[in-house]
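Me: I would like a close look at a single part of this protein, with enough of the whole around it to place that part. Please take me through it step by step.

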Amino acid sequence: MPEVMTIGEPMVNLIADSTETYLEARQLPRQMAGAEFNVAIGVSRQGHSIGYVTQLGDDWQGDLIVDYMNATGIDTSAIRRVSGAATGFQLKVRSSDGEPKVIYFRAGSAASKTTPDIVDDVDFTGVRILHVTGIFSALTDQTYETVNALVDAAKAHGVTVLFDPNPRPTLWPSQQAMIEATNRLAAKCDVFLPGLSEGQLFSGRQAPRDIADYYLDMGIGKIIVKLGDTGSVAFGRNADGGRTEVVVPSFVVDVVDTVGAGDGFASGVITGLLEDLDDDALLERANAVGAIQVTSVSDSEGLPTVEELRKFIAFTPRKEVEL
Ligand code: ADP
């Protein structure tokens with residue numbers, strides 16, 4: 001089985017060939033979308049194996065996604081196909097401010113009907129890292145339970161669990177419900193990966209060090225806070241129980257589309273953990289993948305290979321960062 005597993009809702013992504021409005025679009029070339037899908041592509045391009053757990057409809061979108069994953073080398077053996085519910089898709093149009101507009105067609109999708117027994121289809125042999133996000137766990141009560149069951153099974157197999165909260169407030173009944181459910185899941189994980197504003201929302205604290213203490217006190221081993229376009233910081237505990245801290249600046253790039261920076265970043269964290277990089281090298285890599293990602297309009301097609309990443313890190317100027 002692959003070194004990494006992820007669970008999520010992959011979607012077909014129809015990207016308008018116009019900017020600002022769909023009305024002028026004449027063509028909608030198809031790509032793939034979904035945060036966990038972007039992470040899977042990132043990990044795979046960086047030379048590591050990853051498998052995807054999900055449920056897809058018995059339809060053309062599902063066929064496209066499975067074919068694409070198979071062609072990319074993403075393991076599809078834990079993907080279920082069901083009839084009676086469609087595979088989700090989305091429409092995306094670029095905008096001049098770098099924040100594209102996206103319309104989703106995913107309500108009641110096959111993925112949103114995933115149940116915890118899908119965990120029985122997952123073979124953990126050889127798996128070292130499980131990546132989960134707050135998106136899939138927000139879809140329905142069943143997907144929340146499914147993510148919990150997968151995390152529990154992974155931990156029972158000694159797998160490191162990495163959690164990117166990736167909040168989707170509109171999918172929850174209230175902000176409080178989202179915060180409580182997210183923190184319950186976070187408490188089970190080994191590596192927690194919030195953006196600064198996400199960390200503030202979920203911990204109720206403002207400064208990165210205070211956010212880190214909140215989650216370190218919960219028993220999470222490593223907290224990595226993304227500091228937006230300036231870089232990132234990793235917190236942990238040393239042998240004496242004191243807080244450790246490593247801050248690493250990001251790179252100077254021209255921004256085209258900010259979607260997927262955090263997913264690219266997560267893929268760099270995952271491969272860095274697999275390769276036992278120290279925190280400086282791990283964050284340098286994760287920052288680099290995030291920075292490369294914002295230079296591409298696609299959610300995943302700009303993600304770098306090992307060689308592209310090496311050259312980018314060697315030749316791209318750094319920004320300044322401080323906590
Ligand atoms: P998210 O998609 O989760 O909001 P962020 O915007 O925090 O993710 O970006 C994740 C990481 O990607 C950042 O920590 C940084 O390393 C890198 N990054 C994001 N935006 C830029 C940018 N404009 N320039 C350089 N690096 C960036």
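**A hairpin and its setting**

Reply: It helps to begin with the overall form of this predicted model. For 323 residues, a compact globule would be expected to have a radius of gyration near 20 Å, and because the protein has 19 Å, the value agrees with that expectation. Its C-alpha trace spans about 55 × 45 × 40 Å along the principal axes, and buried residues account for 55% of the 323 residues.

Within this fold there are nine helices and 13 strands, and the part to look at closely is the hairpin formed by β6 and β7. Strand β6 covers residues 89-94 and strand β7 covers residues 101-105, and the two pair in the antiparallel sense over five bridges. One position to find on the display is valine 93, which stands opposite lysine 101 in β7. Between the two strands lie six residues, and in this turn glycine 98 has a positive phi of about 85°. When following the side chains along such a pair, keep in mind that in a regular strand they alternate between the two faces of the sheet.

Returning to the whole protein, among contacts between residues at least 6 apart in sequence, 71% join residues at least 24 apart. The protein exposes about 13200 Å², of which carbon and sulfur atoms supply 50%. As for charge, there are 26 positive and 45 negative side chains, and the centres of these two sets lie 1 Å apart.

Key. Residues numbered from 1 in each chain as written. Predicted model: local features only at pLDDT ≥ 70, side-chain atom pairs only at ≥ 80, totals over all residues. Heavy atoms only, no water. Pairing = 2+ DSSP bridges. Helix = DSSP H or I, 4+ residues; strand = E, 2+ residues; numbered from the N terminus. Rg over C-alpha atoms; globule rule 2.2 N^0.38 Å. Buried < 20%, exposed > 50% of the residue type's maximum accessible area, 1.4 Å probe, protein only. Contact = heavy atoms within 4.5 Å. Areas by Shrake-Rupley, 256 points an atom, 1.4 Å probe, with all protein chains shown as cover. Lys, Arg positive; Asp, Glu negative; His and termini not counted. Charge placed at Lys NZ, Arg CZ, Asp CG, Glu CD.
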